[in-house]
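Here are my notes after a look through the model you sent. I've put them as numbered points so you can reply to each in turn.

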Amino acid sequence: MGVGQLPTTEFNDEELDDHPETRLDPASQPAGGAMIQLLDAQGNRREDPVFGPYVESLDPEALRAFYRDMAVVRRFDQEATALQRQGQLALWVPLTGQEAAQIGSGHALRTEDFVFPSYREHGVALSRGLDMSDLLRIFRGVTHGGWDPRETNFNIYTLVLAAQVLHAVGYAMGIQRDQASARAKGQTVEDAAVVAYYGDGASSEGDVHEAMVFASSYKAPVVFFCQNNHWAISVPSKVQTKVPLAHRAQGYGFPGVRVDGNDILAVHAVTQWALDRARKGEGPVLIEAFTYRLGAHTTADDPTKYRTSSEEDQWRAKDPLTRLETYLRAEGLADDDFFEDVRRQGQELADSVREAVQAMEGPSMEEAFAHVYSQAHPLVQEELRWYREYEAGFENAEGAGEG
Ligand SMILES: Cc1ncc(C[n+]2csc(CCOP(=O)(O)OP(=O)(O)O)c2C)c(N)n1
Ligand SMILES: [Mg+2]
């Protein structure tokens, strides 16, 4: 059967009238699908009737904190890259270029919200108050995790693309159920939401589709935060999708917003809006943060093999730090002393993580047996006994050789 003979879809508009739930929510594309921007690449403020009010309450101290965190995490990123080059880390995943997307969204979160990151969310980690040296443990190869997610509500990094998006929706549905049962007992509960971070490449994974179907069906309090940094290693984002990624949300029946991911004010506003909706029980939102990975995919990658330096230059001109610095200086909100102080703070963090990394010892082999099951398991115990005997055999052999 040729394409022309395929059966056509059988419903018409009148039938749709009987099913109001099938009508697209007019709010599904706030601002009519245009990219939201509140601070342009030259550092000029733009107005936006829906999202502008979310940043109006930000005082100068909050704006300076945004800049400080972006600059400090960029300095951290440079130090981690250097540590990898010097053989202290096995691998590093640079975030440079994506600071506004991460710090802007991270600062929109409340303590009780929960984050499921991918593997490049160092800026979000900083905004959650994570000890930044802990972030380096997995990249030194001394652990599979590195921190207790419950301490900062920031899950461990997930390297299996998109797996964490399903975990995030499951967690959000758990929050819904915990809240329902607490309310049934007459207890008051904090409204909380979940954010799932993933990339343009990961957006092609089936896990994202399944997660969005569940989130929509159950109105789960989750924000899908897709950092479209234009590349999935060497594959450009135009191969992953033929429409703006934010438009995909329509197909699931919840709002999708494309935001300038290099504009920290816009990212902060849009994320606050999405989290507010989620916390109020209005369901999920997809945010596509339109940004760019200025560095390599990882320290094992060479971007000169697949992209031009002129493309990189075009995006360097949209640097998220430069535009906020221009704005702060133009408004008289920060001076040279402030920027010098930020530089010093970045250096202090770089020095402290370097010291911490060099002191990180590898785990003992026996620890591997401790993490297979949450409780003792006879088969693992048996294997551990065998392993100990095996190791002891080497000690005896050494002793025999020496004697
Ligand atoms: C399920 C799965 N498939 C493939 C990979 C290999 N891989 C690691 S990162 C990556 C590209 C991901 O690109 P994107 O989602 O855009 O995130 P970015 O690295 O740009 O932040 C690929 C294909 C993986 N880690 N997991
Ligand atoms: Mg990408």
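1. Helix α8 crosses α9 in a left-handed sense. This is a predicted model, so please take everything below in that light. The axes of α8 (residues 163-184) and α9 are 8 Å apart and make an angle of about 15°. That angle is under 35 degrees, and the two helices are therefore roughly parallel.

2. What meets what between these two helices? On the α8 side you'll find A163, V165, L166, V169 and A172, and on the α9 side D207, V208, E210, A211, F214 and A215. By class, this contact has nine nonpolar residues, two charged and no polar ones.

3. Now compare the pairing of α3 (residues 60-85) with α14 (residues 320-330). Their axes are 10 Å apart, at an angle of about 150°. Angles over 145 count as roughly antiparallel, which is why α3 and α14 get that label. The crossing of α3 over α14 is left-handed.

4. The residues behind that second contact are L63, R64, F66, Y67, M70, A71 and R74 from α3, meeting P320, L321, L324, E325 and L328 from α14. Nine of the residues in the contact of α3 with α14 are nonpolar and three are charged, with no polar ones.

5. On to the ligand. Ligand 1 has 14 residues around it, and the closest are L161, G199, G201, A202 and A232. Sorted by class, the shell comes to seven nonpolar, four polar and three charged residues.

6. A202 deserves a paragraph of its own. It sits in the loop between β2 (194-199) and α9 (206-217). Is A202 buried or exposed? A202 has 23 other C-beta atoms within 10 Å, so it is buried. Beyond its neighbours within four places in sequence, A202 touches S118, L161, A162 and V208. V208 also turns up in the α9 side of the contact with α8, and L161 is listed with A202 among the closest residues to ligand 1. For a distance to check on screen, the C-alpha atoms of A202 and Q227 are 9.9 Å apart, with their positions 25 residues apart along the chain.

7. Two backbone angles are worth a look. Most residues other than glycine have a negative phi. A162, though, has a phi near 75°, a positive value in a residue that isn't glycine. A162 is in the loop between α7 (149-152) and α8, and it counts as buried because 23 C-beta neighbours lie inside 10 Å.

8. H230 is the other one: its phi is near 75° as well, again positive and again not in a glycine. Its place is the loop between β3 (222-228) and β4 (231-232). How exposed is H230? With 19 other C-beta atoms within 10 Å, where 20 or more would make it buried, H230 is partly exposed.

9. Helix α4 (residues 99-106) is mostly covered, with eight of its eight residues buried. Those are E99, A100, A101, Q102, I103, G104, S105 and G106, so the list includes a charged residue, E99.

10. Finally, the overall tally. The protein chain has 17 helices and seven strands, and 39% of its 403 residues count as buried. Among contacts with a separation of 6 or more, 76% join residues 24 or more positions apart.

Methods
Residues numbered from 1 in each chain as written. Chains lettered and ligands numbered in written order. Predicted model: local features only at pLDDT ≥ 70, side-chain atom pairs only at ≥ 80, totals over all residues. Near = placed C-beta within 6 Å. Helix = DSSP H or I, 4+ residues; strand = E, 2+ residues; numbered from the N terminus. Buried ≥ 20, exposed ≤ 12 C-beta atoms within 10 Å, placed from the backbone. Contact = placed C-beta atoms within 7 Å. Axes fitted to C-alpha atoms, helices over the stretch in contact; angles between N-to-C directions. Parallel < 35°, antiparallel > 145°, perpendicular 65-115°, else oblique. Left-handed = near helix turned anticlockwise from the far one by under 90°.
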